[in-house]
Amino acid sequence: SRAGSCPRLDHRCSVAPAAMALLRAACRVALLGAARPRAVAKLPQSLMMAGSDSFPYLPVDFAFRFLPRWTRDKVRFFYWYYTVSFVSGFAILMGYFHTPYVGDNYDHFPESPLYRWTESSLAKTGQLEENLRVKVHHFYPQTE
């Protein structure tokens, strides 16, 4: 067979020797790379210490250590642990952090100098009164 031709094919093929050389080089690199020891990726220290200094209501490692009867069935324990955590978190958010009708009045917010300047310039030209006149104060139309 001539150089650069494929012995199994009737036509001339110049890609096959180059492809075989590339495949041979890739296999050699893969074998050499597998023989070398790889560096083990280290986890961050904060992730490694998450079990010891986490911030749930009852740390799970304490529950497994001090409450063995409650944690015999791991699936049932985690089901109730997550349920109690969600309900108590929701109760704290809605009962304590979301006090109704507190801070709903915007009269106590400070006004910026740009707001005061814009308001005074609108008042000087008479546009503020017109804006307040056409402003909608009710969602539904008021019938009198």
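Glu 119, Leu 122, Ala 123 and Thr 125 on the helix 5 side touch Gln 127, Leu 128, Glu 129 and Asn 131 on the helix 6 side. Sorted by type, the residues of this contact come out as 3 nonpolar, 3 polar and 2 charged. Keep in mind that this is a predicted model. Beyond the helix pair, the other thing to look at is the aromatics, with 11 aromatic pairs in the structure.

**Helix 5 and helix 6**

- The two axes, for helix 5 (residues 113-125) and helix 6 (residues 127-134), come within 5 Å and cross at roughly 95 degrees.
- That crossing angle falls in the 65 to 115 degree range, so helix 5 and helix 6 sit roughly perpendicular to each other.
- Right after helix 5 comes Gly 126, and its phi is positive, near 90 degrees.
- Helix 5 has 13 residues, which at 1.5 Å a residue should span 18 Å; the end C-alpha atoms are 19 Å apart, and that agrees.

**The Phe 62 and Phe 66 pair**

- An aromatic pair is formed by Phe 62 and Phe 66, at 5.9 Å centre to centre with 65 degrees between the planes, so this one is edge-to-face, the cut-off being over 60 degrees.
- Both belong to helix 3 (residues 60-66), and because they are 4 residues apart there, about one helical turn separates Phe 62 from Phe 66.
- Phe 62 is partly exposed, at 39% relative accessible area.
- Phe 66 has 54% relative accessibility, so it counts as exposed.

**Aromatic cluster**

- Phe 64, Phe 77, Phe 78, Tyr 81 and Tyr 82 join up in one aromatic cluster.

Methods:
Residues numbered from 1 in each chain as written. Predicted model: local features only at pLDDT ≥ 70, side-chain atom pairs only at ≥ 80, totals over all residues. Heavy atoms only, no water. Axes fitted to C-alpha atoms, helices over the stretch in contact; angles between N-to-C directions. Helix = DSSP H or I, 4+ residues; strand = E, 2+ residues; numbered from the N terminus. Parallel < 35°, antiparallel > 145°, perpendicular 65-115°, else oblique. Contact = heavy atoms within 4.5 Å. Nonpolar A, V, L, I, M, F, W, Y, C, P; charged D, E, K, R; others polar. Expected span 1.5 Å × (residues − 1). Phe/Tyr/Trp six-rings, centres within 6.5 Å; stacked < 30°, edge-to-face > 60°. Buried < 20%, exposed > 50% of the residue type's maximum accessible area, 1.4 Å probe, protein only.
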